[in-house]
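Me: I'd like to walk through a structure with you. Short answers, please.

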Amino acid sequence: MNRKIKLIWDFKGPDALETAKHHCIHLKEFAEIEGLEVYEVNHDVIHEMHVLAFVIVDESVMKIFRDALKPHRGVLAS
């Protein structure tokens, strides 16, 4: 069984929420175009000036997302 990896992009500033939401659209499009399954694509509000966009994928396809989309970091998803 593969581990789940959460790839994260940070957005900061007054437009962080809208930017993160828009980034999620592109994450979904990328997965669809590449024919890759994802567990979740979403955003988390840390506070009004810091929002994360993230995708949770199997470790087996993590490098495809990482190399093409350059996330700021990745963690093991629970």
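Me: What does the charged end of K4 sit over?
Reply: The ring of Y39, 4.3 Å from its centre. To qualify, NZ of Lys or CZ of Arg must be within 6 Å of the ring centre and within 35 degrees of the ring normal.

Me: And K6, which ring does its charged end sit over?
Reply: That of F54. The distance to the ring centre is 4.3 Å.

Me: What kind of model is this?
Reply: A predicted one: local features need pLDDT of at least 70, side-chain atom pairs count only at pLDDT 80 or more, and totals for chains, interfaces and linings use all residues. Residues are numbered from 1 along each chain as its sequence is written, and side-chain values use heavy atoms, without hydrogens and water.

Me: On to the sheet. In what order do the four strands run?
Reply: The order is β2-β3-β1-β4, in an open sheet with antiparallel pairing. Strands pair if DSSP finds at least two bridges between them. Strands (E, at least two residues) and helices (H or I, at least four) are DSSP runs, numbered from the N terminus.

Me: Which are the edge strands?
Reply: β2 and β4, the latter covering 73-76. Each of them pairs on one side only.

Me: Over how many bridges do β2 and β3 pair?
Reply: Seven, in the antiparallel sense, with β2 spanning residues 40-47. A hairpin of two residues takes the chain from β2 to β3. N42 stands opposite F54 in β3.

Me: What is the bridge partner of V41 in β3?
Reply: V55. V41 itself belongs to strand β2. The two are 14 residues apart along the chain, yet 4.4 Å separates their C-alpha atoms.

Me: How does V41 count, buried or exposed?
Reply: Buried, because its relative accessibility is 13%. Buried is under 20% relative accessible area, exposed over 50%, partly exposed in between (1.4 Å probe, protein chains only).

Me: What does V41 touch, not counting residues up to four places away in sequence?
Reply: C24, L27, K28, F54 and V55. A contact is heavy atoms within 4.5 Å.

Me: Now the loops. Where does M49 lie?
Reply: In the loop between β2 and β3. M49 is partly exposed, at 36% relative accessible area.

Me: How far apart are M49 and P14 in space?
Reply: 5.6 Å, C-alpha to C-alpha, with their places 35 residues apart in sequence. M49 also touches other residues of that stretch: leaving out those up to four places away in sequence, the list is F11, K12, G13, P14 and A16.

Me: And K70, where is its place?
Reply: In the loop between α2 and β4. K70 is exposed, with 56% relative accessible area. Its phi is positive, about 50°, although K70 is not a glycine. Most residues other than glycine have a negative phi.

Me: Let's go inside. Which residues touch the most other members of the largest nonpolar core?
Reply: L7, W9, F11, V55, V57 and F65, out of 19 residues. A nonpolar core is a set of buried Ala, Val, Leu, Ile, Met, Phe, Trp, Tyr and Cys residues joined through side-chain atoms within 4.5 Å.

Me: Which element gives the most to this core?
Reply: Helix α1, with six residues. At least two residues each come from β1 (4-12), α1, β3 (50-58) and α2. Another core lies apart from it, with five residues, including I8, F54, I56 and A77.

Me: What is W9 in contact with, leaving aside its neighbours within four places in sequence?
Reply: A long list: H23, L27, V51, L52, A53, F54, V55, L69, K70, P71 and H72.

Me: Aromatic pairs next. How many does the count come to?
Reply: One. Rings of Phe, Tyr and Trp (its six-membered ring) pair if their centres lie within 6.5 Å; planes under 30 degrees apart are stacked, over 60 edge-to-face, the rest tilted. The pair is F30 and F65, edge-to-face because the planes meet at 65°, with the centres 5.3 Å apart.

Me: Which helices do F30 and F65 lie in?
Reply: F30 is in α1 (residues 16-34) and F65 in α2 (residues 59-69), so the pair ties together parts 35 residues apart in sequence.

Me: Are F30 and F65 buried or exposed?
Reply: Both are buried.
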